[in-house]
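Please load the model and keep a selection panel at hand. The tour below moves from one selection to the next.

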Amino acid sequence: MKKIFLLSSMIALTTWSTFAQTSPDSVKIFRLEKELEVLKNYNESLQQNLELTNKALNDLIIDKNITDETRWISLRSSIVHSTQIYKKLSDDIINLKSRMTDQEYQGFINSLGSIEGGPLGFSLEEVIMESAKKIGIFETKTKMDRFLEITNSIVASPLTQGVPFVSQAFFASNSLINVAYSSMLTEKKPDFQKLGKFESELNKYLVYFSALDKANAINQSSNNDRIVLLENLQLELLGKLKKDAAKLGYNTPDRMSSESLDAYFNRVLSSFSKEYVDLYLNQIERKYRNSAGKINYANLIQNETELKNYSNQVNGTVELAKKFILYYDNFFELADNYHLKVLEALELANKNNIIQAKKGNGPTETPQQVYEKITQNLKDKKMIRDNGIKASINIADLKQKIEKVDEFRFL
């Protein structure tokens with residue numbers, strides 16, 4: 001136990017050091033508390049396992065046979081720990097579903113696609129107007145003024161505002177290119193080379209918007225797919241819960257018509273809890289206790305076949321938990337890929353020199369400084385989002401619950 005305590009202390013200190021460098025204080029402290037809680041539970045689990053292992057070894061030394069009492073202790077522990085997986089797994093599924101979109105992180109990415117002056121410092125409307133004036137795509141001031149008026153109308157149009165966020169840039173640009181082309185056809189000597197320059201100038205911005213739009217579209221699609229997978233996992237867990245709970249004397253209530261799946265799970269598992277299972281198993285033991293207070297473990301194990309059937313099906317619950325762990329790991333893989341795609345879009349904006357200098361109270365920030373600040377801000381927001389998910393779900397705790405079930409099933 002001394003070694004275990006030292007190991008726990010070392011891990012805790014390492015954890016603290018890591019979070020101190022990468023997380024805000026509130027998240028850092030919360031995660032540290034969670035890690036310490038897991039370590040404490042892990043130490044308790046080790047102690048329980050050692051005690052049960054020692055008891056089994058003593059049984060073998062004395063009469064070369066595992067006693068019925070030891071078998072019952074192992075069976076009971078397996079049942080109790082497996083029922084804890086239901087609550088933990090249900091909470092984790094609900095949590096991860098709710099975390100698919102983080103307002104702080106996702107909201108910042110959405111602002112990067114604004115055509116009305118986002119963090120990159122430019123307004124697409126102003127870019128269009130300034131480019132049209134600089135290139136001089138029309139012969140007369142009257143046509144230029146009319147084009148600029150149409151530009152303002154298209155950008156502010158409900159049609160433009162109604163299309164997906166980043167796609168507004170394409171809708172507005174394509175509309176204006178068509179307007180410019182049609183207007184140029186009415187001129188005596190249309191200069192289509194100027195129109196080509198105008199299109200090339202706009203394309204610097206559209207390349208950026210296109211890359212960002214593609215990243216957002218893939219992320220939204222993968223989020224939808226993951227929510228479906230998690231809900232299907234919930235339904236699998238619910239089906240197994242109803243069958244298993246019945247073996248422990250629990251009648252699962254029906255789901256109300258207006259009740260969400262998440263709310264239903266929370267209601268069911270608030271009553272089918274560790275406390276309920278402990279009480280139920282205590283009642284079973286009481287049935288086989290004689291006047292001297294001793295339990296006839298042989299008869300208990302022989303007669304209570306539903307408990308053995310429950311224990312034999314525990315592996316199915318464990319497999320569902322392992323499936324969730326795969327989904328959890330996949331969430332971060334896809335989230336990392338999405339993050340890289342957004343960074344790639346920002347790199348295109350930087351290379352195409354469309355990021356504007358930013359004036360503030362202090363010295364004016366150069367476009368390169370604006371770019372570096374935006375990318376760092378994006379990374380920080382993702383780190384906070386990821387750390388928040390890891391702290392609230394605590395996948396290590398779920399893995400330890402799985403280990404406990406497996407360890408207590410060895411007899």
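Begin with Phe272 and Tyr276, both of which are buried. In this predicted model, the ring centres of Phe272 and Tyr276 lie 5.9 Å apart with their planes at 50°, so the pair counts as tilted. Next, extend the selection to Tyr86, Tyr250 and Tyr280, which ring pairs link with Phe272 and Tyr276 into a cluster. Across the structure there are 11 aromatic pairs.

Another of these pairs is Phe324 with Tyr328, which is also tilted, at 6.3 Å centre to centre and 40° between the planes. Select helix α14 to find them: Phe324 and Tyr328 both lie there, four residues apart, or about one turn of the helix. Both Phe324 and Tyr328 are buried.

Turn now to charges over rings. Select Phe108 and Lys381: the lysine lies over the face of the ring, 5.7 Å from its centre. Then select Phe332 and Lys390, where Lys390 lies over the ring face at 5.1 Å from the ring centre.

The last stop is internal space. How many cavities of 30 Å³ or more are there? The count is three, and the largest cavity holds about 70 Å³ of space. To display its lining, select Met100, Thr101, Asp102, Tyr105, Gln106, Asn219, Asn223, Arg226, Phe331, Ala335, Tyr338 and Arg385. Colouring this selection by residue class separates five nonpolar, four polar and three charged residues. Finally, show α4 (103–112), α9 (192–247) and α14 (314–351) as ribbons, since each helix supplies at least two residues of the lining of the largest cavity.

Note on methods
Residues are numbered from 1 along each chain as its sequence is written. This is a predicted model: local features need pLDDT of at least 70, side-chain atom pairs count only at pLDDT 80 or more; totals for chains, interfaces and linings use all residues. Side-chain values use heavy atoms; hydrogens and water are left out. On a 1 Å grid over the protein atoms alone, a cavity is a set of points where a 1.4 Å probe fits but cannot get out, and a pocket is an open set with protein on both sides within 12 Å along at least five of seven lines; lining residues have an atom within 4 Å of a point. Grid points are joined across faces, edges and corners, and a volume is the space filled by probe spheres set on the points. Ala, Val, Leu, Ile, Met, Phe, Trp, Tyr, Cys and Pro count as nonpolar, Asp, Glu, Lys and Arg as charged, and the others, Gly among them, as polar. Rings of Phe, Tyr and Trp (its six-membered ring) pair if their centres lie within 6.5 Å; planes under 30 degrees apart count as stacked, over 60 as edge-to-face and the rest as tilted. Buried means under 20% relative accessible area, exposed over 50%, partly exposed in between (1.4 Å probe, protein chains only). A charge sits over a ring if NZ of Lys or CZ of Arg is within 6 Å of the ring centre and within 35 degrees of the ring normal.
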